[in-house]
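This report goes through selected helices of one structure, a pocket, and a few individual residues. Please keep the sequence and the model at hand while reading.

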Amino acid sequence: MLQVGSATALWYHSGMPVVALRWVLIRDPLGQFETQALLCTDVHATPAFILDCFVQRWQMEVTFEEARAHLGVETQRQWSDKAIARTTPCLLGLYSIVTLLAQPLFVTGQLSVRGAAWYPKPQATFSDTIASVRRWLWSHEYFSTSLHELDVIKIPRLLLDRFIDSLCYAA
């Protein structure tokens, strides 16, 4: 069980007005999680409300981290303000498109979850999702040379599948 302490304080900064804060200190007596201090400018907020806001924010943090890692959000290099203003929304739109394309793959059980022996994953991450969407887009139906014989290719099917799988996770 977490130990929680809370009180109000005043935050001073040179040249800035004084700000009243509600602070919440969260400590795990078992030592599995780091002690954290949460700050809120609403001094009337309850510690439970502040903690609830902190927990709800986690999904958003994960979304932005995945968008940075796989779509290049915050790594763009444009020169004009207009280009900067439209790139991030386009990348977040791409994130949404990948998610929408992955939904039918999830429903039909085609959304694969790549794990490692040291890190089992119970759910697909965005990396797994974008790889599954790439695999679906690059499937043999779209690159086939014959409508009647889909397996007519110059390399064995198993080797082609390994190549596609590697490429899906490479980008």
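Which residue follows H2, and what is the sign of its phi? The residue is Gly-109, and its phi is positive, near 80°. The model is a predicted one.

**Helix H2**

Helix H2 covers residues 81-107. From its first C-alpha to its last, H2 reaches 41 Å over 27 residues, close to the 39 Å expected at 1.5 Å a residue. H2 has a kink of about 25° at Leu-101, and the proline Pro-104 comes shortly after this kink.

Seven positions need to be named for the covered side chains of this helix: Ala-83, Thr-87, Leu-91, Tyr-95, Val-98, Ala-102 and Leu-105 are the buried residues of H2. These buried residues pack against H1 and H3.

Pro-89 also belongs to H2. Its relative accessible area is 48%, and because exposed means over 50% and buried means under 20%, Pro-89 counts as partly exposed. Between the C-alpha atoms of Pro-89 and Val-62 there are 17 Å in space, with the two positions 27 residues apart in sequence numbering.

**Helix H3**

Helix H3 spans residues 126-137. Its end C-alpha atoms lie 16 Å apart, which agrees with the 16 Å that 12 residues should span at 1.5 Å a residue.

H3 is mostly covered, with 9 of its 12 residues buried. The buried set consists of Phe-126, Ser-127, Asp-128, Thr-129, Ile-130, Ala-131, Ser-132, Val-133 and Arg-134. The elements that cover them include H1, H2 and helix H5 (157-170).

**Two buried residues**

Val-133 is part of helix H3, and Ala-67 is part of helix H1. Is each of them placed among the buried or the exposed residues, and why? Val-133 is buried because its relative accessible area is 4%, and the cut-off for buried is under 20%. Ala-67 has a relative accessible area of 0%, so Ala-67 is buried as well.

The table lists the contacts of both, not counting residues up to four places away in sequence, together with one C-alpha separation each.

| Residue | Relative accessible area | Residues touched | C-alpha separation |
|---|---|---|---|
| Val-133 | 4% | Val-98, Leu-101, Ala-102, Leu-105 | 8.4 Å to Cys-168 |
| Ala-67 | 0% | Gly-72, Val-73, Leu-92, Tyr-95 | 20 Å to Leu-105 |

Val-133 and Cys-168 are 35 residues apart along the chain. For Ala-67 and Leu-105, the separation along the chain is 38 residues. Among the residues that Val-133 touches is Leu-101, the site of the kink in H2. Tyr-95, one of the residues touched by Ala-67, is among the buried residues of H2.

**The largest pocket**

The largest pocket has a volume of about 620 Å³. Its lining is made up of 19 residues, and those closest to the pocket centre are Gln-123, Ala-124, Thr-125, Phe-126 and Thr-129. Phe-126 and Thr-129 are also among the buried residues of H3.

Which helices each supply at least two residues of the lining? They are helix H1 (47-71), helix H2 (81-107) and helix H3 (126-137). H2 gives the most, with 5 residues. Sorted by class, the lining holds 10 nonpolar, 7 polar and 2 charged residues.

Methods. Residues numbered from 1 in each chain as written. Predicted model: local features only at pLDDT ≥ 70, side-chain atom pairs only at ≥ 80, totals over all residues. Heavy atoms only, no water. 1 Å grid on protein atoms, 1.4 Å probe; cavity = no way out; pocket = protein on both sides within 12 Å on 5 of 7 lines; lining within 4 Å. Points joined across faces, edges and corners; volume = space filled by probe spheres on them. Helix = DSSP H or I, 4+ residues; strand = E, 2+ residues; numbered from the N terminus. Nonpolar A, V, L, I, M, F, W, Y, C, P; charged D, E, K, R; others polar. Expected span 1.5 Å × (residues − 1). Bend = angle between axes of the 7 residues up to and from the residue. Buried < 20%, exposed > 50% of the residue type's maximum accessible area, 1.4 Å probe, protein only. Contact = heavy atoms within 4.5 Å.
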